[in-house]
Amino acid sequence: MGVVDPAFIQDLEHRPKLAIIEAEGIPLIDLSVLNSADPVSEGSLVSDIGDACKKWGFFQVINHGVPLEKRKKLEKAAREFFDQSLEEKVKVRRDEVRAYGYYETEHTKNVRDWKEVFDFTLQNPTIVPASTRPDEEQVVEWHNQWPQYPPQLREASEEYAEEVEKFCIKLMELIALSLGLPVDSFNGFFKDQTSFVRLNHYPPCPAPELALGVGRHKDGGALTVLAQDDVGGLEVKRKSDGVWIRVKPTPDAFIINVGDIIQVWSNERYESVEHRVMVNSEKERFSIPFFFNPAHHTIVKPLEELTSEENPPRYRPYNWGNFLVTRKGSNFKKLDVENIQISHFRVSESELANRFERAVSVA
């Protein structure tokens, strides 16, 4: 990655501006009240999380309960893995059959990202549809690949993932309460989950004004929990005005963002927000996103409790496994068309208006 290949160069309209606007407004939420028995404090916390999901789609959390030593152990192992030669890393390279492992040529919006990654699944093996066909009934298993070096990478990865999974379950319970739902409303969706963890390495880039570590995108799953180092680079597209805002790293915090599935489940009360990753010419950057995703057989659709005749479902149901397999496949080749998006399942505004009119006339 010493020179900028044209494959990395963003279209003019999407090139990053090197002037940084830092997001003072992204909420910072203290979760220490979860350890107290004060229902008033927990009620306030639920309200804060709901506001953050609605206004930003992003927030930071501190005192989250995930042991710092687990995170530090994985960060150290990740650095040691990425410090190896490319020849060593590609021994566990992922491909269209082996869905997890090392990869260095990922594309976002059909432009190559300035990064290298190592992915591993939480539930090994992970069960997914055998193809992208909507009527696919056969399934296949996706397995982890672990490198010989560093020897502690597997243990560090599994220990960290176990802790963050517990945190995600608690966070989904708080999000359920913020939507006025029973606390365990989402738990059943994650029994045979397709969650995975990614280790990201962003090397210094000689032309950070032309390339991005990750191009603009929204996360397709339910929830993302991001650990980042002190270099920073994550930018969020502010909902109020569309301005790209840098998320300033907070020591030992997690950055949380709502994914597309929560946008659909909540019938757009909460929205998934575009974000991207800037690179710089001087410092490498590391981050660890945990993607909390439901079982492959989940049919994603607005929850009945959050819809009505006056507020009809804004999305047609879709199969999460099919969506996931289609997205994964796009990582290995440049597409001639836009990759699958939840917007492809959205009911048109005119159809929504017709449904509302019919509901009013019947009433």
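The side chains of Glu-159 and Lys-73 come together in a salt bridge, with 3.2 Å between N and O. Because Glu-159 sits in helix α4 and Lys-73 in helix α2, this pair ties together parts that are 86 residues apart in sequence. Glu-159 is partly exposed, at a relative accessible area of 24%, and Lys-73 is partly exposed as well, at 29%. Please keep in mind as you read on that this is a predicted model.

**Salt bridges**

Side chains of opposite charge can pair when their charged atoms come close. The count here comes to 28 salt bridges. Three of them are set out below.

| Salt bridge | N to O distance |
|---|---|
| Glu-159 and Lys-73 | 3.2 Å |
| Glu-116 and Lys-89 | 2.9 Å |
| Arg-98 and Asp-95 | 3.0 Å |

Let us take the second row of the table, where Glu-116 and Lys-89 meet through their side chains. This pair links distant parts of the chain, with Glu-116 in strand β6 and Lys-89 in helix α3 (residues 86-89), 27 residues apart. Are these two residues buried or exposed? Glu-116 has 7% relative accessibility, so it counts as buried, the limit being under 20%. Lys-89 is buried too, with a relative accessible area of 5%.

In the third row, Arg-98 forms its salt bridge with Asp-95. Arg-98 is partly exposed, with a relative accessible area of 39%, and Asp-95 is partly exposed at 27%. Elsewhere, salt bridges that share partners join Arg-94, Glu-106, Asp-113, Lys-115, Asp-119 and Arg-198 into one network.

**The sheet and its helices**

Strands of a sheet pair through backbone hydrogen bonds, either parallel or antiparallel. In this model, 8 strands make up an open sheet with mixed pairing, and their order is β1-β2-β14-β11-β16-β9-β6-β3. The edges are held by β1 (28-30) and β3 (101-103); each has a single partner strand, so one side of each is left without a neighbour in the sheet. On average, neighbouring strands of this sheet are turned by 25 degrees against each other, direction ignored.

How do β1 and β2 pair, and over how many bridges? Strand β2 spans residues 58-62, and β1 pairs with it in the parallel sense over 3 bridges. Asp-30 stands opposite Ile-62 in β2.

The two helices joined by the opening salt bridge also lie across strands of the sheet. Helix α2 (residues 68-82) lies across β3, β6 (116-121), β9 (196-202), β11, β14 (254-258) and β16 (285-292), and runs at about 55 degrees to β9. Helix α4 (residues 153-178) lies across β2, β6, β9, β11, β14 and β16, with an angle of about 55 degrees to β16.

**A look at Gln-228**

Strand β11 covers residues 223-228, and Gln-228 belongs to it. Which side chain does Gln-228 join in a polar contact? The partner is Arg-285, and the contact between the two side chains is 2.6 Å.

Gln-228 counts as buried because its relative accessibility is 8%, against a limit of under 20%. Setting aside residues up to four places away in sequence, Gln-228 touches Arg-71, Gly-233, Leu-234, Val-247, Lys-248, Pro-249, Ile-255, Arg-285, Phe-286 and Ser-287. Arg-285 therefore appears both among the residues touched by Gln-228 and as its partner in the polar contact, which counts N or O atoms within 3.5 Å.

How values were computed:
Residues are numbered from 1 along each chain as its sequence is written. This is a predicted model: local features need pLDDT of at least 70, side-chain atom pairs count only at pLDDT 80 or more; totals for chains, interfaces and linings use all residues. Side-chain values use heavy atoms; hydrogens and water are left out. Helices (H or I, at least four residues) and strands (E, at least two) are DSSP runs, numbered from the N terminus. Buried means under 20% relative accessible area, exposed over 50%, partly exposed in between (1.4 Å probe, protein chains only). A polar contact is a pair of N or O atoms within 3.5 Å; within protein, one must be able to donate a hydrogen and the other to accept it, and residues adjacent in sequence count only if both atoms are side-chain atoms. Contact means heavy atoms within 4.5 Å. Two strands pair if DSSP finds at least two bridges between them. Axes are lines fitted to C-alpha atoms, for helices over the stretch in contact, and angles run from 0 to 180 degrees between N-to-C directions. A salt bridge is a side-chain nitrogen of Lys or Arg within 4 Å of a carboxyl oxygen of Asp or Glu.
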